[in-house]
Every structure is written in C-alpha cells, then in structure tokens.
Amino acid sequence: MSAIKCIGILTSGGDAPGMNAAIRAVTRAAIYNGLDVKAIYRGYKGLITGEIKQFKTQNVSNIIQQGGTILKTARCQEFMTVEGRQLAYDTLQREKIDALVTIGGDGTLSGARIFATEHDYPIVGIPGTIDNDLFGTDTTIGYDTALNTIMDAVDKIRDTATSHERLFFIEVMGRDAGFLALNGAIASGAEAAIIPEIATEVDQLGELIKNGFRKSKNSSIVLVAESPTTGGAMALAERVKNEFPQYDVRVTILGHIQRGGSPTANDRILASRMGAAAIDALLEEQRNVMIGIRNDQIEYVPFNKAIKNDKPINRDLLNTLRILST
Ligand code: F6P
C-alpha cells in the first residue's frame, strides 16, 4: 500500500497546448486509483498563497481539446527563495497533500528538483513546453502543436513572399533550442534554419538563400530560433540587408501565437499517456523523476538528467534540410 492518499497538481512556466489534457489524465488516473486530487492554481505561486481546490472527475470534463491551462500558470520568483519554498511546504502540510505532479518546462522541473531535495518530498514532473528542450523524452507536450502552428504560419507567409519575390526571416520560439526552427523549416519547405546549436556565418547564409532564389521560385524563407546565439531574426536580417542589398528582406516574429491553440492529436495522446504514467510512478514510489516517452516507451528520467540542457539536435536533419532546399 502506498502512503500517498492525496496528490496535488500544478502547471508552471510558459503554457503549452496539451497541458489541459495532462491535467485531465492525472486527475482521472489518480481518482481511478483511489487518490484525492487537489488542484493548485497559478503554479508555485498558488502553492505559496494556498490557492487550492479539490478536483473531482467532472472538474476536468471537456478540457482535452482546450489550449492553455485551466489551472493558470506563472513564473514565480518567490519559489526561488528558501523562504518561499518553506511557505509552499507549509501549504502542502496544511492541505494534507502527500505528493505533487508538476507540469512544465525546464524552470518548473528545476524548481521541483530543489524543493523535493530540500523538503524530502515526492514529486513527479511532466514535460510541458513547446521548446522540446528536455532530455529523456522524444517530445514534450505542446511541441507538436507549436510546430503545426509554425507550419501554417509559414505557408501563409510563403504566399506573400512568392508574390513579392522577397526574402523572409521568420523568428520562432525555443529559448536557446533549435527544435522548433529546424523541424518547422523542414515541415514548411524553408530554405534554411538558423539555430543556436550550430553556428551559421552570414556568407554561408548567403549561399543558402541563393539556393532558394536559384530555384524556379524567386523567394526565400529562413527560420531563425530566438536566442542570443543566433541574434534573432531582426539582427540577422539587418546583416543580410547590408551584405546582400539585392534582396528585398522582411521579418516576421511569430511570438506567442506559437503557444496557443487546440492541441494536436499527438499532443493529446502524449499528455494523456504521461498523465496516467505520473500516477503509476507515484504509486510505485518513484520520486524526483520526469515522465519521458522514448521509442514509444514510458521512462522515468531523474530531474537532474532531464534539465541538464543537453538534449541533442539531430544533425542529420540539418543535412536533410540542406539537400531538400537545393
Ligand atoms: O519556454 C517556453 C517559451 O515560450 C520560450 O520559447 C520563450 O522563450 C518563452 O517561453 C517566453 O516566455 P514569456 O511568455 O514569459 O515571455
């Protein structure tokens, strides 16, 4: 018999489509296993202030298809302090919550790791971020939906790029990770992806762009990952304008549109599997692990590994993009 009778659930950091599907899965799997569920609002902030509500199965009805998170989310500075985390622990004791499931990205899991160690408290993490930058899982919840949003946006931009014979730099999210830019470029047939993992010089970029203009079409699209390393789309466009004045250059920053929308089937399935697996993990007395899915298999990934920031980009994909854009 597990000592866990009641679990808390929260979403934290940047929202991601599919978080609601994960909340639903965690809640329903917990109730199925005879556990009480307490929903914590506004991430770690709600843990500190005690914004908590008991969830029954109907509280998560009709949310699998909704983007965002019904629990709200926040980036909580106070949780980064020892005092803030003590207040959070006091809330958990008061509410008789025996374990936590946290859904979020790198920052959420880092917070969970510190808290779990400091207070010897069981936490299981679910990777929810459009960035896909957590090690130990093939994809994170929200990534597939964001990729599809990028693809749809680039398809539209291509219409105007072709009509005006322009060169577009399109900046996508990813906070220092190139997954969205690289796979977004492949999915939308772009000429190049500029990602923080691989240095690209302006003259190299010139070559790639020329490839686009050499083809039957007279336009070109380059996806740029937001990052100090790439410099972002604006800075890159300025440099290209200076060195290649023959191109009519435009910039589009897709921004937060990438974080919204109804989750794709892949994200709903991923979130549902991960949510149910989080409850299994807690019942098996796992703690301080993130649920990953690799090669279709559930894996328990220690927080330390998941957040080490070294999830590798598949470099073969860069080659594929290069070949297909020549
Ligand atoms: O981590 C998710 C993410 O969308 C990143 O891609 C982006 O850099 C960041 O969040 C933006 O955060 P905010 O919405 O707080 O500006």
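This is a short tour of a predicted model, with a list of residues to select at each stop.

**Stop 1: the main core**

Start by selecting I7, L180 and L223. These are the residues with the most contacts inside the largest nonpolar core, which has 64 residues. If you wonder about the general pattern, nonpolar side chains in soluble globular proteins tend to be buried together.

Now keep I7 and show what surrounds it. Setting aside neighbours within four places in sequence, I7 is in contact with V26, A30, L35, D36, V37, K38, I97, A99, V101, I279 and L282. Apart from this core lies another one, of 25 residues; to find it, select I40, L47, I48 and A112, which are among its members.

**Stop 2: where α1 meets α9**

Two of the contacts of I7, V26 and I279, also turn up at this stop. Colour helix α1 (residues 19–32) and helix α9 (residues 265–283): their axes come within 7 Å and cross at roughly 35 degrees. The crossing is right-handed. On the α1 side, pick A21, A22, A25, V26, A29 and A30; on the α9 side, pick R268, A271, S272, G275, A276 and I279. What classes of residue make up this contact of α1 with α9? It has 9 nonpolar, 2 polar and 1 charged residues.

**Stop 3: helix α6**

Next, go to α6 (residues 179–188). Is this helix mostly covered or mostly open? Mostly covered: 7 of its 10 residues are buried. Select F179, L180, A181, L182, G184, A185 and S188 to see the buried ones. L180 should look familiar from the first stop, where it was listed with I7 and L223. To see what covers α6, show α5, β6 (167–172), β7 (192–194), β8 (220–225) and α11, as the buried residues of α6 pack against these elements. Then step just past the helix to G189, which takes a positive phi of about 70 degrees.

Stay here and add α11 (residues 315–324). The axes of α6 and α11 come within 10 Å and cross at roughly 35 degrees. This crossing is left-handed. Select L182, N183, A185 and I186 in α6, and you'll find them meeting L317, L318 and L321 in α11. By class, the residues of this contact divide into 6 nonpolar, 1 polar and no charged.

**Stop 4: N132 in its loop**

Now select N132, in the loop between β5 (123–127) and α5. Why does N132 count as buried? Because its relative accessibility is 2%, and buried means under 20%. Leaving out neighbours within four places in sequence, N132 is in contact with D138, T139, T140, Y143, F179 and K311. F179 is one of the buried residues of α6 that you picked earlier. Try a distance between N132 and Y143 too: they are 11 residues apart in sequence, yet 5.9 Å apart in space, C-alpha to C-alpha.

**Stop 5: T149 in α5**

Move along to T149, found in helix α5 (residues 143–164). With a relative accessible area of 18%, T149 is buried. Not counting residues up to four places away in sequence, T149 touches I257, Q258 and G260.

**Last stop: the cysteines**

Finish with C6 and C76. C6 is buried, at 5% relative accessibility, and C76 is buried too, at 13%. How many disulfides does a search of the whole structure find? The search finds 0.

Conventions. Residues numbered from 1 in each chain as written. Predicted model: local features only at pLDDT ≥ 70, side-chain atom pairs only at ≥ 80, totals over all residues. Heavy atoms only, no water. Disulfide = S-S within 2.5 Å. Buried < 20%, exposed > 50% of the residue type's maximum accessible area, 1.4 Å probe, protein only. Core = buried A, V, L, I, M, F, W, Y, C linked by side-chain atoms within 4.5 Å. Contact = heavy atoms within 4.5 Å. Axes fitted to C-alpha atoms, helices over the stretch in contact; angles between N-to-C directions. Helix = DSSP H or I, 4+ residues; strand = E, 2+ residues; numbered from the N terminus. Left-handed = near helix turned anticlockwise from the far one by under 90°. Nonpolar A, V, L, I, M, F, W, Y, C, P; charged D, E, K, R; others polar.
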